[in-house]
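Reader: Could you take me through the packing inside this model, with a close look at one part of it? I would be glad of a connected account.

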Amino acid sequence: MQLCGFPAAEVEFDRAGELVGDRGAGVRAIAVEATDLLVLCHGWSHRLYAALAKSLRSVRDGVPGRRVALACVRWPSPESPGADLAERLDRLRDLRPGERLTIDAAADLVPALTARATARTAFAAAVLSVATRGAEDHEDASAQLFSLPGGTVMDRLAKPAAERLLDYLVHYELKARASTVGEHGLAPLLGALARPGLRIHLAGHGFGGRVVTAAANARPAGSAATVALLQAMVSQYGFAADRGDGQPGEFRRILDERVVTGPILITHTLHDVAADVPYSIAEMLVGGSYGGIGRHGAQRTPEAVTAELLPVSGTYRWRPGVPHNLPADGFVRGHDDVGGPEIAHALWSAIAAS
């Protein structure tokens, strides 16, 4: 398979992180001849791969002396969040198919939500009860949320409380799934691909950014050449030395144990409202300061370099093994706008520096 002239292959994981389809055979085949394997992981849409490959090809032919191949990860995430309450409930059904009866019972309460406090309490209790447990953390307040009574949750969210709660739960479920796919699926595959002379570069958009970060977090020191988080669905405190409560961020190990030998790129912009959704809801629920890395960059991370996303004519000065916050307001106009030439130029520059 070729994608805009690059050797390419797809690799697919199910929701548990198990390989499906050709079980990684295609990626193994292209990795044999490559010096650099760029692993791309989508967020909402698979269309990222074609757009980014096109920009990579348009910006430059490659890096002299290097043979770059593309591994395109497919994993079960919805194309986009729901638009109304009914669609949000459908999205939760898709994410938690074993809990359809409970979600249907919550849907039956929707007509009474405006008039009856008991209906609001029962609705919140029902949808909270279907959430995957084990993915709770303090970086999105999920650890605190699941201890709150349903009525308290609805009161703190205010109108449109039901929509906000479902938005939060959809993000929470996708966070849990992305972490599972990264840790239990992609990370072992990367281990199987590793060989002397092969540099592995990880680039993820949205929740795909969480997939590749979770994969890197499960790999040993020096196992990734670069990581690029493109409007990623990760907490702004994900790499923090101290997120404000005396504890390190969820992915702090990546920095402490130098998992990445080259630069870590983080694009972020205030235009990306989606990256902040679960964190703004967390602030409503428990107070405090929360935020998405795709909106604010890596915070409370002493090593982080503040730079910017440059035009194609710009020159980057990378530092190995540390995050580079790249404000992208001038080039990234929304959550999905990550296939442009400026992104491709940053990726090529990081690959060349690795």
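**Trp75 and its surroundings**

Author: Happily! Let us start at Trp75, which touches Phe13, Cys41, His42, Gly43, His46, Leu174, Arg177, Ala178, Val181, Phe207, Gly208 and Val211, leaving out residues up to four places away in sequence. Please keep in mind that this is a predicted model.

Trp75 belongs to the largest nonpolar core, which has 84 residues. Together with Leu37, Val39, Val73, Leu186, Phe239 and Ile254, Trp75 is among the residues with the most contacts inside that core. Which helix gives the core its largest share? Helix 8, spanning residues 161-193, does so with nine residues. Another core lies apart from this one; it has 33 residues, including Ala112, Phe123, Leu128 and Leu145.

Staying with helix 8, we find His171 there. Is His171 buried or exposed? Its relative accessible area is 7%, under the 20% cut-off, so His171 is buried. Beyond its neighbours within four places in sequence, His171 is in contact with Phe207, Met233, Ala274, Val277 and Pro278. Phe207 is a residue you have met already, as one of those that Trp75 touches.

Arg88 makes a good next stop, in helix 3 (residues 85-95). With a relative accessible area of 13%, Arg88 is buried too. From Arg88 to Leu169 there are 81 residues in sequence, yet their C-alpha atoms are 9.6 Å apart in space.

For a contrast, turn to Thr118 in helix 5, which covers residues 117-129. Thr118 has a relative accessible area of 55%; the cut-off for exposed is over 50%, so this residue counts as exposed. Thr118 and Gly134 are separated by 16 residues in sequence and by 28 Å in space, C-alpha to C-alpha.

Finally, here is a pair of helices to look at. Helix 2 (residues 48-59) packs with helix 13 (residues 341-353) at an angle of about 70°, their axes being 8 Å apart. Angles of 65 to 115 degrees count as roughly perpendicular, and helix 2 and helix 13 are therefore roughly perpendicular to each other. Their crossing is right-handed. Where do they meet? On the helix 2 side the residues are Leu52, Ser55, Leu56 and Val59, while helix 13 brings Pro341, Ile343, Ala344, His345, Leu347 and Trp348. Sorted by class, this contact holds eight nonpolar residues, two polar ones and no charged ones.

Key: Residues numbered from 1 in each chain as written. Predicted model: local features only at pLDDT ≥ 70, side-chain atom pairs only at ≥ 80, totals over all residues. Heavy atoms only, no water. Core = buried A, V, L, I, M, F, W, Y, C linked by side-chain atoms within 4.5 Å. Buried < 20%, exposed > 50% of the residue type's maximum accessible area, 1.4 Å probe, protein only. Helix = DSSP H or I, 4+ residues; strand = E, 2+ residues; numbered from the N terminus. Contact = heavy atoms within 4.5 Å. Axes fitted to C-alpha atoms, helices over the stretch in contact; angles between N-to-C directions. Parallel < 35°, antiparallel > 145°, perpendicular 65-115°, else oblique. Left-handed = near helix turned anticlockwise from the far one by under 90°. Nonpolar A, V, L, I, M, F, W, Y, C, P; charged D, E, K, R; others polar.
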